[in-house]
Every structure is written in C-alpha cells, then in structure tokens.
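Dear colleague,

Please find below the structure that I am handing over to you, with its sequence. My findings follow directly after it.

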Amino acid sequence: MAKDDDRSTPPPLPEPLAVAVADSHTHLDMQSGTPAEGLAKAASVGVTTVVQVGCDVPGSRWAAELAARYEQVHAAVALHPNEAPRIFLGDADGWSGQQRKAGGAAALDEALAEIDRLAALPQVLAVGETGLDYFRTGPEGVEIQKESFRRHIEMAKRHGKALVIHDRDAHEDVIAVLLEEGAPERTVFHCYSGDAEMAAVCAEHGWYLSFAGPVTFKANQPLRDALLATPLDRILVETDAPFLTPHPYRGRPNAPYLIPVTVRSMAATLGLHEDELAAAVAANTARAFGY
C-alpha cells in the first residue's frame with residue numbers, strides 16, 4: 001500500500017456509500033485514465049452522476065461531447081474568470097491601446113458566442129464556471145472578468161440553465177454582481193470558500209453551496225462553520241478533481257471516486273448519518289442542475 005506522502009499515487013478506493021450521490025463539479029479531462037474508467041470507478045463507490053465543467057472553449061466543447069455520450073454525465077460550459085482576461089489581453093504585443101481594446105473585445109465576443117451556442121444544448125445543464133478570481137488575475141483584468149461574469153449570468157437566465165460560480169478572493173464583488181444583474185433561479189457556488197456570514201447571505205437568496213476537499217482540512221474550521229450555517233437543502237458536494245483532494249490524501253490526485261471521503265467528513269461536522277446527508281445531497285444536486 002502506498003504511503004500517504006507518495007504524491008503521485010492515487011488514493012485507495014473508499015468504502016462505498018449506501019446512498020448514491022453526485023459529484024457536482026469535476027474535470028475529467030484533466031485526470032489520468034479514460035473518462036469511462038473514471039466514471040466506472042466512481043460508480044463503484046456510489047458516485048453515479050458527475051457534472052463535467054469546462055473552463056475555456058475547447059474544454060467546454062469536450063464537456064458537451066462527453067455528456068452527449070454518457071447518461072450519467074452533465075455538462076457545464078463557460079470561460080473561467082481567468083480565461084476572459086487572457087483572451088482579451090492576449091496577442092496584443094505591439095498594438096496601440098485602441099487596437100488592443102478592439103481586438104480583445106472581438107476575441108472575447110467570439111469566445112462567448114461559442115459558449116452561448118454550447119449552452120443551448122440539452123446535455124449542457126449549467127453555465128459555469130464563471131465569476132471572479134482576484135488571486136491569479138491582477139487589477140488590469142478585474143473589469144474584463146466582471147463583464148464576462150455578467151454575460152454568463154445573462155446567458156444562464158436566457159437558456160434556463162444553472163449558474164456555476166468560481167469565487168476566489170472576491171466574495172463581496174461576486175455577490176454584488178449577482179444582485180445587480182439578478183441571479184438565475186438556480187445558482188451554485190462551486191468550491192465554496194466564504195465564511196458562515198456569507199453562507200447566511202447565500203441561503204437568504206436560495207443559492208446552493210458546493211463543498212469540496214478543503215472542508216476536510218484540519219485548519220479550515222471557518223469553512224466547517226459555513227457548512228453548519230448552510231440549510232441542508234442547499235448543500236452540494238464536489239471534488240473539483242484533479243484538485244483539492246480531501247484529507248488524509250491532500251496533495252495526491254483527486255477524482256470523483258473520492259466523494260465518499262468528503263461526504264463522511266461533512267456528515268460528521270453536521271452530526272448526521274452519512275446516508276441522510278447523501279440523500280439530501282443527491283436531491284439537491286438534481287434540483288440545482290435540473291435533471
């Protein structure tokens with residue numbers, strides 16, 4: 001058996017859940033092995049549904065194609081918050097300020113038009129991950145991110161799809177934009193990272209909070225406090241695989257089959273039997289994404 005410090009070795013299979021659940025946010029295209037292998041491994045431990053999330057145009061096309069092939073896969077399509085400034089500010093060396101703005105706007109329009117086309121497909125149940133990320137994008141990208149976020153919100157509402165939000169170091173601005181634009185009826189905060197006070201605000205508006213591996217980390221009591229502040233009918237669970245592997249496998253490759261580890265940790269925090277939490281999560285995910 002591999003030691004826990006063997007970073008390259010996938011963690012072992014957990015005990016299967018008795019009540020099947022969904023991984024509300026994963027990136028199978030970034031994981032080792034084939035999608036079929038990953039889906040079979042997940043199903044063997046009670047993770048029978050996944051939401052495959054695109055972060056750029058090629059990834060969103062891939063997500064839509066995968067969801068068309070597999071009944072247990074649903075797609076979400078979008079330009080990641082960091083992707084919008086990359087498109088807008090890319091290929092601009094030697095341009096004047098006016099050329100840069102016009103060329104970047106046209107490139108972003110073209111990319112968003114393709115996301116809009118994909119969002120209309122029946123196997124695509126969500127627009128996302130979109131939102132704001134102030135960790136990796138500097139001040140020059142903030143307004144571009146906000147414009148992209150607004151356009152994704154409009155897209156989700158027009159197509160009647162869920163909205164999946166990426167929020168990193170931008171809590172106040174994400175909520176401000178949502179309230180200014182009017183959030184879609186079904187809005188999901190992917191890998192929720194706010195505190196209990198923010199969770200209460202999200203609950204007030206009926207938004208769903210999806211918890212990932214960090215809720216299991218020993219130092220993250222504020223995140224567990226946020227989980228405790230979230231109504232049971234608004235809790236989702238995800239891997240964000242291959243990232244954010246739950247304790248005690250932090251730093252090793254993540255995949256949908258590890259959802260039971262996070263579910264059991266969350267159930268312990270909430271003082272619930274794992275079957276009760278799994279049943280709630282399964283119903284919540286189906287309701288949030290409309291399947």
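Strands β2 and β3 (residues 73–77) run parallel and are joined by four bridges. Across this pairing, Val-53 faces Ala-76 of β3. Please bear in mind throughout that the model is predicted. Together with helix α2 (residues 57–69), the strands β2 and β3 form a β-α-β unit that is right-handed.

Strand β2 also has a partner in strand β1 (residues 21–26), again in the parallel sense and over four bridges. In this pairing, Thr-26 is placed opposite Gln-52 of β2. Between β1 and β2 the chain passes through helix α1 (residues 35–43), and this β-α-β crossover is likewise right-handed. As for its surroundings, strand β2 (residues 47–53) is mostly covered, with six of its seven residues buried.

Pockets

The volume of the largest pocket is about 680 Å³. Its lining comprises 28 residues, and those closest to the centre are His-166, Arg-168, Cys-191, Asp-240 and Leu-244. Which elements each supply at least two residues of this lining? They are β4 (124–133), β5 (162–168) and α8 (221–228). Strand β5 contributes the most, namely three residues. By character, the lining of the largest pocket consists of 10 nonpolar, nine polar and nine charged residues.

The second largest pocket holds about 230 Å³ of space. It is lined by 13 residues; Gln-31, Ser-32, Lys-41, Ala-255 and Tyr-257 are the ones nearest its centre. Five residues of this lining are nonpolar, six are polar and two are charged.

Salt bridges

Over the whole structure, 12 salt bridges were found. Several of them involve helix α5, and I describe these individually.

One of them joins the side chains of Asp-116 and Arg-158, at 3.2 Å from N to O. This pair connects distant parts of the chain, as Asp-116 belongs to helix α4 (residues 97–119) and Arg-158 to helix α5 (residues 142–159), 42 residues apart. Arg-158 has a relative accessible area of 44%, so this residue counts as partly exposed.

Arg-158 also forms a salt bridge with Glu-154, and here the closest N and O atoms are 2.7 Å apart. Both residues, Glu-154 and Arg-158, lie in helix α5 and are separated by four residues, about one turn of the helix. Glu-154 is partly exposed too, because its relative accessible area is 38%.

A further salt bridge is formed by Glu-180 and Arg-150, with 3.8 Å between the closest N and O atoms. It, too, links distant parts of the chain: Glu-180 is in helix α6 (residues 171–181) and Arg-150 in helix α5, 30 residues apart. Are the two partners exposed or partly exposed? Glu-180 is exposed, since its relative accessible area of 56% lies over the cut-off of 50%. Arg-150 has a relative accessibility of 23% and therefore counts as partly exposed; residues under 20% would be called buried.

Finally, Arg-61, Glu-114 and Arg-117 are joined into one network by salt bridges that share partners.

With kind regards

Definitions and conventions. Residues numbered from 1 in each chain as written. Predicted model: local features only at pLDDT ≥ 70, side-chain atom pairs only at ≥ 80, totals over all residues. Heavy atoms only, no water. Buried < 20%, exposed > 50% of the residue type's maximum accessible area, 1.4 Å probe, protein only. Pairing = 2+ DSSP bridges. Right-handed = clockwise from strand over helix to strand, strands pointing away. 1 Å grid on protein atoms, 1.4 Å probe; cavity = no way out; pocket = protein on both sides within 12 Å on 5 of 7 lines; lining within 4 Å. Points joined across faces, edges and corners; volume = space filled by probe spheres on them. Nonpolar A, V, L, I, M, F, W, Y, C, P; charged D, E, K, R; others polar. Salt bridge = Lys/Arg side-chain N within 4 Å of Asp/Glu carboxyl O.
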